[in-house]
Amino acid sequence: MNSARQNAITIHGTYWSAPDTVSLCPICVNDAGSVNTCSSCGVTICKGCFDEGALERLKHCPQGCDQASLLDRTAAESSIALGKKMLNSTRFNCVSQGCTWSGGYDELDDHRQSCGSKKKCDFGCGEEHPSETMAEHRQVCVYRPCQEGNLKTNYKTLEEIKAVKRKIEQSSEEELQSKALKIELFDRMMRVYPLAVEAALKDPEPSHLPQMTVTVLNQPCGYECGYIATSCEELSTHYQRCPNKTLYCRHCGEAVQQKKLAGHETSCDQRPINCTFCTVSILQGTMSDHIKTCISYPVNCSLCLNDIARSQLAEHKADECSSRPITCDKCLEPTTPGELSVHKQGCRFTQPICLSAKTRNPITLLPQPDSIGPFYLQRDSDDSTIYMAFPLEKLFNVSNCNTIFPEKMKCRYAGKPAEMSEYSSDYREVWQLHLNQKCTSRYESNEVIETYFDLLDENQNELAYFKMHYHGNKKVYVNYPSNEGKADLDFATVRVLLQNQSPESAIGLIRIRKAS
C-alpha cells in the first residue's frame, strides 16, 4: 500500500511534515483540525478555536457549503475524541536538518523544545531555534542589525536611544534637575553616546547624483500582524497581502480583516443565495424567515411522519398518505390505505355467510359486488332480495339512540342502484332505514316498490320486522316521495331482542325483499 503524500504544515508557528490527510483549521490557520463542524463536507476546526466559541459564531460551513449543514455544539463535541485519536495515530515528521524524529500530535510540543538540530542566533541574543524557524526569529530578534540615518547599530540599542530621547523630552525642568533622574540618564547615555557621536561625525557616502534621504526601517506592520519590514518597499509589498489588512465585504460593506474576509462573505447575512428548497433568490440572513413560508420546504406529515413539500401537504393528506383515515367498503370500520389489504383478509364481511336452519334449507350469502356497505346476495338469486349484515351486538348502539353504520351506503336493489341511509330518533324512539333508488336521468321517476324489511339471525330466524314510517304497515314503499318510504324499528323491540339474544348468534341480518 502506498503511503500518503506528505505536506508541510504549520502548527503553533513550527513547520512539520505530515500526511495530506491532516488539514489546517480554516479559522486560525495555525493548528491541525480535529473537531468536525459540517455534516456535508466534514471540515474540521482546531480544539482551541472550538473552545473559544468559533462554532457558535459561524453561520455557515467555513468551506462555503451551500447547505445549512453546521453541526450543533453537542454533535461537534462528540467528534473531539475521535479527531484527537486520529491525529495521535498520524505520524508528524520533524523537518529540522539532520533530525529524523517522528511522532504523534501530543508529542509535538515536547520535541519542539528538545530538538537537537537547533542553531544559536548569530545576532548575539543567545536564543536557539530550529533552522526552519530561524529566519522568522531573525526578523524579530532584538539584536538584529538596524540603521536609521547614519546610525548603524542593533534594534535594541536604537530603541534605547529613542527611549532616552523621549524621556528627556517628556521630563520637566524640575525632574531633569533631580539627582536620581540625572544618574539614570547618565548611565543610559554613556552606553549609547559613542554610537551617536560616531554616526553624527560620519560623512555621507559620496554620489555624483543628488540622493533622497533613505531610512532603513525595522518597522512593524501597522495592521499588527507581527511582520517587521526592513525597507519601505518591503513594507509596501507586505501591505498588499497582509492578513490583517482591512477590506470591505462586497455584500454588506462591513470592514473585515483580509484573513477573515472569505469566511465573512460566505456567512454574510446580505449575501444573495438561492433557497435550497424552492430556488427563489433571497438574502442569506432571511433564510430562517423564508423557510417558515417556503412552499417547497419539507413539512412533517402528522399521519405518516414523512417529509412532504408544504404546498403538497394538504393534497398528500387527503389523497396520497398511506396512513390517512379511510373506511373499509364492506364493514365500514376505520383503517388506512397501508393496512387495507391486510384488514380485508380478516374482514368478516368480505367473506360468504352461511345461514343454517333446522326447518329450512341452508343458504349461502355472497358479498354484493360494487356495493359500499355489508350488502349480500343469496347465491344464484337476483337482487330483488338483498341482505345487510352487522354484528348483532351493535344493537346496543341502537338501544342507546345511536346508529350502527357510520355513513351512507350504496347497493343494487331490484335492478337499479340504490342508497341506504340510517337514522336513530330519540324523540320517537325508533331505528330508521331509508332505501331509495337513484334516477339515471332528471326526467326519470322511479317506480314505487313495496318492500319488506325483516331482522334475522344466522339461523334464519325472524327476530323482528320494520314497519312503514307513521303507518305501522309491514310493507314499506321504497321510492315513495314522502315518509312512507322509510322503515322503522322501535327501541322497545330492540331491547327485548337484546335480552333474548342467543350467545351463539354473532351476526344480525336485515333482509330487504321485494313483495310478490
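Glu 175 is partly exposed in this predicted model, because its relative accessible area of 41% falls between the 20% that bounds buried residues and the 50% above which a residue counts as exposed. The residue sits in helix H8, which spans residues 173-177, and, once its neighbours within four places in sequence are set aside, Glu 175 is in contact with Gln 170 and Leu 181.

Two cysteines fall on opposite sides of those cut-offs: Cys 38 is buried, since its relative accessible area is 1% and therefore under 20%, whereas Cys 354, with a relative accessible area of 58%, lies over 50% and is therefore exposed. A disulfide is a covalent bond between the sulfur atoms of two cysteines; the structure holds zero disulfides.

Turning to the strands, four of them form an open sheet in the order S1-S2-S5-S6, with antiparallel pairing. Its edges are strand S1 (6-11) and strand S6 (102-103), each of which pairs on one side only. Within this sheet, strand S2 (residues 14-19) and strand S5 (residues 92-94) run antiparallel and are joined by two bridges, and Ser 17 stands opposite Asn 93 in S5. Strands of a sheet pair through backbone hydrogen bonds, either parallel or antiparallel.

How far the model can be relied on by its own predictor is a matter of pLDDT, the predictor's confidence in each residue. The chain has a mean pLDDT of 82, with 87% of its residues at 70 or more. Over residues 207-216, however, pLDDT stays under 50, and for this stretch the model has four contacts beyond four places in sequence.

Key
Residues numbered from 1 in each chain as written. Predicted model: local features only at pLDDT ≥ 70, side-chain atom pairs only at ≥ 80, totals over all residues. Heavy atoms only, no water. Helix = DSSP H or I, 4+ residues; strand = E, 2+ residues; numbered from the N terminus. Buried < 20%, exposed > 50% of the residue type's maximum accessible area, 1.4 Å probe, protein only. Contact = heavy atoms within 4.5 Å. pLDDT = per-residue confidence, 0-100. Disulfide = S-S within 2.5 Å. Pairing = 2+ DSSP bridges.
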